[in-house]
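Student: Could you pick one part of this model and look at it closely, then work outward from there? I'd like the cut-offs spelled out as you go.

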Amino acid sequence: MVDLSAFPTRQLLRWNLVVRMGLAVIAPLAVQYVLTGNLAGTGVIAALVAGFVSFGDLGPDVDQPRWTAVTVVATPMAVVAGAVLGPSPTGGLLIVFLLYLVHGALTEAGLVSQVAWFPVSALGLIAAVLSTGTGDMVDTALAAAAGSAWAAILLVVTPRFLHDSRLPIPPAALKVDTDRLRRMVRSPAWVDWHYPLLLGALATVVLVVADAVTGGFRPYWAVFALVGVLGPSPAAARQSGWETVASTLAGIALAALLLSVGLGTTSVMVVAVLMLLIGTVLLLRHMILAKILMTPLPVILAAAALGANGSLALGLRLVEYVFGAGIGLVAAIGGGWLAARLSTEQADSDSQPDPAT
């Protein structure tokens, strides 16, 4: 047992998460490269699923078995559902709406449940947007299941070798209001469902508008930016919006630098994965720096998938983030204004004397 708790890691994520993230992403890509000589195909699906499922255990003491099970089981199911429904415009929009409706509902219930659902909504969205219906669904399902199972194995095995420190997060931040979830399902009320419905509707609108304007281009990173920008207040949304756009721009520049220095494909991937791991470590302490370091890997993977048109990945990623962040910012400010207006009107109404008296 290696005890890392003596090191000054209180403000960092758990060490076993960093190790798991590295193994989760590297192992499937390595297997894919050894078997085929390239980094395309089912190995990328398995690596993405394994990496995102690892994020379902983000932070200290949030690895409750029921929420971990949600991430491990629902993520590959969302990938398959997105891949099956994605080629149909109606089906693709439906799966995106449902994913982010649930995402918003779980956000209302607490940090743990929202973190657990993030890999599900993210991977389901990616599968729905990118699927063309021409791939082998059996291979996709097997790769997604294998990646999720690999992440689950690492979740069990890694802590046996690394004893990690814990973050000083208030207990209230980790509370899951399961009673509220039950009430939301059994006795739906507008006060509980306005945010989930807003999130699901906006995620869908982003894809509808982009599809209409571009003639078939549906930007999944725009939905990520939209979700990331929406904050508890307009001021928080404005700050998050600028941070999102600035860090993404810097991360894209870093990806472009990596792709232009003449390194081999394997070397570029290794450097990008290392930056991803460093960004993971810094995620709760230096958010902007973490986002910068975590941006190059998905951009480079997108460039590899586009082949001869790989340079498009750089510009598209920035345009998508600006687009999504802009919509999220407008929604956050407009929603804050509307909530304040409704609260004022309600207060005025309550202050009026009752005619019956």
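Tutor: Let's start with helix H2, residues 42–55: at 1.5 Å a residue its 14 residues should span 20 Å, and its end C-alpha atoms are 20 Å apart, so the two agree. The expected span here is 1.5 Å times one less than the number of residues. Helices are DSSP runs of H or I with at least four residues, strands are runs of E with at least two, and both are numbered from the N terminus.

A quick word on the ground rules. This is a predicted model, where local features need pLDDT of at least 70 and side-chain atom pairs count only at pLDDT 80 or more, while totals for chains, interfaces and linings use all residues. Residues are numbered from 1 along each chain as its sequence is written, and side-chain values use heavy atoms, with hydrogens and water left out.

Back to H2. This helix is mostly covered, with 11 of its 14 residues buried. Buried means under 20% relative accessible area, exposed means over 50%, and partly exposed is what falls in between (1.4 Å probe, protein chains only). Among the buried residues of H2 are Val-44, Val-49, Phe-52, Val-53 and Phe-55, and Gly-43, Gly-51 and Ser-54 are on that list too.

What does Phe-52 lead to? One route goes to Ala-122, which touches Phe-52, Tyr-100 and Phe-224, leaving out residues up to four places away in sequence. Contact here means heavy atoms within 4.5 Å. Ala-122 sits in helix H5, residues 111–130, and counts as buried because its relative accessibility is 0%. As for its partner Tyr-100, the two are 22 residues apart along the chain, with 9.1 Å between their C-alpha atoms.

H2 has another residue worth following, Ile-45. Thr-140 touches Ile-45, along with Val-79 and Ala-83, again not counting residues up to four places away in sequence. Thr-140 belongs to helix H6, residues 137–157, and its relative accessible area of 15% is why it is classed as buried.

Phe-224, the other Phe that Ala-122 touches, takes us to helix H9. Nine of the 10 residues in H9 are buried, so to speak a mostly covered helix, and Phe-224 is on the buried list together with others including Tyr-220, Trp-221 and Leu-226.

H9 (residues 220–229) packs against helix H10 (residues 234–260) at an angle of about 145°, with the axes 8 Å apart. Those axes are lines fitted to C-alpha atoms, for helices over the stretch in contact, and the angles run from 0 to 180 degrees between N-to-C directions. On the H9 side the residues are Ala-225, Gly-228 and Val-229, and they meet Ala-237, Ser-240, Gly-241 and Thr-244 of H10. By type, that contact divides into three nonpolar, four polar and no charged residues. For that tally, Ala, Val, Leu, Ile, Met, Phe, Trp, Tyr, Cys and Pro count as nonpolar, Asp, Glu, Lys and Arg as charged, and the others, Gly among them, as polar.

Thr-244 has a second role in this story: its backbone oxygen lies 2.6 Å from a polar atom of the Thr-248 side chain. A polar contact is a pair of N or O atoms within 3.5 Å; within protein, one must be able to donate a hydrogen and the other to accept it, and residues adjacent in sequence count only if both atoms are side-chain atoms. Thr-248 is also in H10, and it counts as buried because its relative accessibility is 2%. Leaving aside neighbours within four places in sequence, Thr-248 contacts Thr-295, Arg-317 and Tyr-321.

Glu-243 lies in H10 as well, but with a relative accessible area of 21% it is partly exposed. Its C-alpha is 8.9 Å from that of Lys-291, 48 residues away in sequence.

Zooming out, the chain has 14 helices and two strands, and 46% of its 357 residues count as buried. Of the contacts with a separation of 6 or more, 76% link residues 24 or more positions apart.
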